[in-house]
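Here are my notes on this model, set out as numbered points. I hope they are handy to have beside the viewer as you look around.

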Amino acid sequence: MIAAVLSVVLVCSSGWGWYLGKVAEAAVNRTDAIPADGNADTSGSGEAMNLLLVGNDSRVSLSEEQLAELNAGEDSGTNTDTMILVHIPADGSKASFVSFPRDSYVDIPGHGQDKLNSAYAYGERDAPADATDAERQSAGAQLLVQTISQLTGLQIDHYAEVDLLGFFQLSSIVGGVEVNLCQAVDDSYYSGAVFPAGVQTISGADALKFVRQRHGLPRGDFDRIIRQQVYIAGVLRNILSENVLFDLGKQRELADAAGGALTVDQGLNLFDLAAQMQSITAGAIDFQTIPYVGDAEDPQGRYILQLQDEDTLHAFFADLSADPQAPAPSTAEAPDTVAPADVTVDVYNGSGTSGLAASAAEQLTAAGFAVSSTGNADSDAYTLTEIRYAEGDAALANTLAAAIPGASTAQSDDAAPGTVQLVLGSDFAGVGQAVEAPASTTAASGEDPRTADDTSCIN
């Protein structure tokens with residue numbers, strides 16, 4: 001999407017560039033993706049832009065022949081396994097791409113803790129029974145935007161989505177992208193990716209197979225993320241070179257394809273985006289993955305990725321999007337709380353440590369909380385301590401969270417009104433103590449950083 005826009009905008013000063021922009025604008029699909037609430041207000045950041053790029057794994061638009069050509073298998077529903085936040089400062093001097101692993105364990109508003117790639121599907125299912133397909137898609141996009149905004153502390157200004165067919169069409173037009181593999185790969189069964197080691201040029205169906213592969217790679221989804229970033233970087237290098245910049249026919253093809261392949265929010269103006277990026281260079285485009293702690297399991301025994309705590313993530317994204325010439329943002333208002341005596345707590349032991357619920361209950365009582373009951377959680381494999389609360393009880397949860405720094409909080413339908421649930425994980429260190437986490441003496445940084453001009457070999 002970025003590549004298609006750049007190909008149009010880099011010549012936007014001419015009548016031809018204006019015409020191409022109109023072609024893309026006329027054909028692009030629009031959706032009501034930006035929610036009216038649940039999207040952090042960082043409007044004080046001036047003209048900087050936060051754009052959420054989403055890869056939709058739906059195969060509904062693919063024919064049987066295309067499914068076979070792309071080795072795409074059968075439709076498995078709406079999976080947003082590719083999610084990238086792009087931050088572009090007001091002066092357009094650089095662009096920062098931050099990828100979100102699909103298994104990131106996050107709080108999905110209204111649904112509690114779950115994998116990040118399920119947010120879109122939850123939103124679709126939340127839509128009214130008589131909603132149209134377009135309305136369900138909008139609901140999915142809005143819940144994903146709310147989830148990412150809550151996770152990052154940033155306002156998501158715009159949204160762009162592409163499905164498998166759209167990616168294939170765009171990659172075919174962009175032409176060959178140079179990639180460099182450290183070792184040969186053979187993933188014939190899953191993605192269809194079969195490539196030799198070394199530098200090579202890929203396009204079309206091969207490009208889709210390249211960015212989809214995770215089976216057979218040393219780090220699975222993490223290496224797939226690197227592949228996606230490397231491919232985007234290669235496309236941008238092509239666009240910024242004479243290969244596309246001075247090929248008027250290819251510019252027209254990209255404008256046509258971009259319109260049909262993309263679904264964007266109602267307010268995204270392609271010319272505004274392009275104008276903001278027209279002076280960018282490959283060395284000023286950086287890629288990284290959101291800071292994380294490591295592998296874990298959820299209460300159902302599924303693999304999840306534990307991210308850094310909310311304060312660390314918010315600080316990371318605030319630094320990522322900081323304008324060095326802008327005044328420091330004002331301190332956020334403290335969350336609403338109540339007196340501990342007004343908080344009734346049910347304590348559940350999910351840590352696997354015998355007697356921990358009773359011990360925590362004693363500590364809570366000593367701290368002034370009212371403990372209603374203790375017991376075992378639905379699993380003894382919780383690694384993360386969770387605080388769950390009913391709608392309207394956020395102040396109660398905030399009060400308990402202040403006594404257990406680092407514990408996650410989430411609204412849950414299972415929590416009774418007026419009572420907060422404390423599910424103890426193996427990270428629980430006691431009331432008044434922060435949950436145990438890897439020591440950190442430096443600010444969190446993104447994983448696997450690279451720039452668009454980095455052509456070193458990857459998995």
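1. Let me start with a strand that has two partners. Strand E7 (residues 158–163) pairs with E12 in the antiparallel sense, over three bridges. Within that pairing, Glu 161 stands opposite Thr 263 of E12. Strand E12 (residues 262–265) is also joined to strand E1 (residues 29–31), again by three bridges, but here the strands run parallel. For a register check, the bridge partner of Arg 30 in E12 is Val 264. Please keep in mind throughout that this is a predicted model.

2. Now for the overall picture. The protein chain holds 14 helices and 21 strands, and 52% of its 459 residues are buried. Of the contacts between residues at least 6 apart in sequence, 74% join residues at least 24 apart. The accessible surface comes to about 19900 Å², with 48% of that belonging to carbon and sulfur atoms.

3. On to the nonpolar interior. In soluble globular proteins, nonpolar side chains tend to be buried together. Which residues touch the most other members of the largest nonpolar core? They are Phe 97, Phe 210 and Tyr 231, in a core of 49 residues. Helix H8 (residues 221–240) gives the most to this core, contributing seven residues. There is also a second, separate core of 31 residues, which includes Met 83, Val 98, Tyr 120 and Ala 141.

4. Two helix pairs deserve a look, and the first involves H8. Two packed helices are described by the angle between their axes and the distance between the axes. Helix H7 (residues 204–212) and H8 have axes that come within 7 Å and cross at roughly 140 degrees. Angles over 145 degrees would count as roughly antiparallel, so H7 and H8 are classed as oblique to each other. On the H7 side the contact is made by Ala 207, Phe 210, Val 211 and Arg 212, and on the H8 side by Arg 224, Arg 227, Gln 228 and Tyr 231. Phe 210 and Tyr 231 will be familiar from the list of core residues with the most contacts to other members.

5. The second pair is helix H5 (residues 133–152) with helix H12 (residues 310–320), which pack at an angle of about 95 degrees with their axes 7 Å apart. That angle makes H5 roughly perpendicular to H12. H5 contributes Gln 150, Leu 151 and Thr 152 to the contact, while H12 contributes Glu 310, Leu 313, His 314 and Phe 317.

6. While you are at H5, have a look at Ser 149, which is found in that helix. Is Ser 149 buried or exposed? Ser 149 has 2% relative accessibility, so it counts as buried. Leaving aside residues up to four places away in sequence, Ser 149 touches Gly 38, Asn 39, Ala 40, Leu 154, Gln 155 and Ile 156.

7. Val 174 is another residue worth selecting; it is found in helix H6 (residues 164–174). Val 174 is buried, with a relative accessible area of 8%. Its contacts, not counting residues up to four places away in sequence, are Val 235, Asn 238, Lys 250 and Leu 254. Lys 250 is 76 residues from Val 174 along the chain, yet their C-alpha atoms are separated by 7.7 Å.

8. Next comes an open sheet of five strands, in the order E17-E16-E20-E18-E19 and with mixed pairing. Strand E17 (370–376) and strand E19 (408–411) stand at the edges with a single partner strand each, so one side of each is left without a neighbour in the sheet. From one strand to the next, the twist averages 20 degrees. Inside the sheet, strand E18 (residues 386–389) runs antiparallel to strand E20 (residues 419–424), joined by three bridges. Arg 388 has Gln 421 as its bridge partner in E20. Helix H14 (residues 394–403) packs on the sheet and touches strand E16 (344–349), E18, E19 and E20, with its direction at about 160 degrees to that of E18.

9. One backbone detail to finish. Most residues other than glycine have a negative phi. Asp 448, however, has a positive phi of about 50 degrees although it is not a glycine. Asp 448 lies in strand E21 (residues 447–451), and at 27% relative accessibility it counts as partly exposed.

How values were computed. Residues are numbered from 1 along each chain as its sequence is written. This is a predicted model: local features need pLDDT of at least 70, side-chain atom pairs count only at pLDDT 80 or more; totals for chains, interfaces and linings use all residues. Side-chain values use heavy atoms; hydrogens and water are left out. Helices (H or I, at least four residues) and strands (E, at least two) are DSSP runs, numbered from the N terminus. Buried means under 20% relative accessible area, exposed over 50%, partly exposed in between (1.4 Å probe, protein chains only). Contact means heavy atoms within 4.5 Å. Accessible areas come from the Shrake-Rupley method with a 1.4 Å probe; for residues, only the protein chains shown count as cover. Two strands pair if DSSP finds at least two bridges between them. Axes are lines fitted to C-alpha atoms, for helices over the stretch in contact, and angles run from 0 to 180 degrees between N-to-C directions. A nonpolar core is a set of buried Ala, Val, Leu, Ile, Met, Phe, Trp, Tyr and Cys residues joined through side-chain atoms within 4.5 Å. Angles under 35 degrees count as roughly parallel, over 145 as roughly antiparallel, 65 to 115 as roughly perpendicular and the rest as oblique.
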